[in-house]
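Please take me through this structure one selection at a time, and tell me what is found at each stop.

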Amino acid sequence: MSNEQGLSKKYNPLYWMKNPGNTPKGKKRDFINPDWIPWTDWLMPGTYFKLLSCDLVSGNFTILLKIDPGIKAATHWHLHNSEAYIIEGGFYYEDGDDKGYPGYYTCEQAGHIHEPFAAPEGCTMLAVSYGPIAGYDDDGNLALIADARLHYYMARENNAIEYTTVIDYTDGTTEMHEYK
């Protein structure tokens, strides 16, 4: 029997179910209160986020996003799907009757390019992004790619990652996260 075959017999689903300590919990909490996390300035004036989960392997991230009243987002492109559940206030894409209010859900599908507007009272939402978002300047030039790592760096600069679930290949170490 080859070494590869021996490993596949040892590390099968039953092995992991009987040995859950192989995925150590460490200091990670199963539940957190988002109130424990300070707001961090987001990508444009009048916007703030709390990084709840940051998957540096897949690029997915989950944030609470707060937008001041009347803010119009910069034109941006969703490279992957993003989902949002509105907690307070609301937002919309253009005038008309298709607007989001508290308790509403939306999926901004991959490929969407738009400029959402916050309601007059502002907006707070739970947002899950399954990959980066590309932002453009007023001349239509690509200005930035907002991926999981950028959100991690911004939150870290604000000392706001203590309760963030960080997923990477090293189970919570910070060695892979250093940048110069």
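**A residue with positive phi**

Begin by selecting Asn159, which counts as exposed because its relative accessibility is 68%. Keep in mind throughout the tour that the model in the viewer is a predicted one. Asn159 sits in the loop that runs between α3 and β12, the latter covering residues 165–167. What is the sign of phi at Asn159? The angle is near 55 degrees, a positive value in a residue other than glycine.

**The neighbouring alanine and a distant proline**

Now select Ala160, which belongs to the loop between α3 and β12. Is Ala160 buried or exposed? With a relative accessibility of 3%, Ala160 counts as buried, since the cut-off for that word is under 20%. Add Pro38 to the selection and draw a distance between the two C-alpha atoms: Ala160 and Pro38 are 122 residues apart in sequence, and in space they are 5.9 Å apart.

**Into helix α3**

From there, go to helix α3, which spans residues 148–157, and pick out Arg149 within that helix. Arg149 counts as partly exposed, because its relative accessibility is 24%. If you select Asn60 as well, you will have a pair that is 89 residues apart along the chain, with 9.4 Å separating the C-alpha atoms of Arg149 and Asn60.

**Strand β3 and the loop that follows**

The next selection is Leu64, a residue of strand β3. Leu64 is buried, as its relative accessible area of 12% shows. Bring in Val128, and measure in the viewer from C-alpha to C-alpha: Leu64 and Val128 are 8.9 Å apart in space, although 64 residues apart in sequence.

Then move to Asp68, in the loop between β3 and β4. Its relative accessibility is 27%, so Asp68 counts as partly exposed. Which distance separates the C-alpha atoms of Asp68 and Glu121? The answer is 7.5 Å, for two residues that are 53 residues apart along the chain.

**The salt bridge**

How many salt bridges does a search of the whole structure find? The search finds 1, and to see a salt bridge you should show the side chains of Glu115 and Lys72, which meet at 3.7 Å, taken from N to O. This pair links distant parts of the chain, the two residues being 43 residues apart: Glu115 lies in the loop between β8 (113–114) and β9 (117–129), while Lys72 lies in the loop between β3 (61–67) and β4 (76–78). Both partners can be coloured by accessibility, and here Glu115 is partly exposed, with a relative accessible area of 32%, while Lys72 is partly exposed as well, with a relative accessible area of 44%.

**A buried threonine**

Turn next to strand β2, residues 47–55, and select Thr47 in that strand. Thr47 counts as buried because its relative accessibility is 2%. What does the side chain of Thr47 reach? Show the backbone of Met44 alongside, and you will find that its oxygen is reached by the Thr47 side chain at 2.6 Å.

**Two patches on the surface**

For the last stops, switch on a surface view. Select Glu94, Asp95, Asp97 and Asp98 together, since these residues gather in a surface patch of negative charge. Within this group, Asp95 can be placed in the loop between β5 (82–92) and β6 (99–100). Asp95 counts as exposed, because its relative accessibility is 69%.

Finally, select Tyr85, Ile87, Tyr105 and Leu126, which form a nonpolar patch on the surface and together have about 370 Å² of accessible area. One of these residues, Ile87, has its place in strand β5. Ile87 is partly exposed, with a relative accessible area of 39%.

Technical notes
Residues are numbered from 1 along each chain as its sequence is written. This is a predicted model: local features need pLDDT of at least 70, side-chain atom pairs count only at pLDDT 80 or more; totals for chains, interfaces and linings use all residues. Side-chain values use heavy atoms; hydrogens and water are left out. Patches are made of residues with over 30% relative accessible area and no salt bridge: like charges are joined within 9 Å, nonpolar side chains (Val, Leu, Ile, Met, Phe, Trp, Tyr) within 5 Å. Accessible areas come from the Shrake-Rupley method with a 1.4 Å probe; for residues, only the protein chains shown count as cover. A salt bridge is a side-chain nitrogen of Lys or Arg within 4 Å of a carboxyl oxygen of Asp or Glu. Lys and Arg count as positive and Asp and Glu as negative; His and the chain ends are not counted. The place of a charge is taken as NZ of Lys, CZ of Arg, CG of Asp or CD of Glu. Helices (H or I, at least four residues) and strands (E, at least two) are DSSP runs, numbered from the N terminus. Buried means under 20% relative accessible area, exposed over 50%, partly exposed in between (1.4 Å probe, protein chains only). A polar contact is a pair of N or O atoms within 3.5 Å; within protein, one must be able to donate a hydrogen and the other to accept it, and residues adjacent in sequence count only if both atoms are side-chain atoms.
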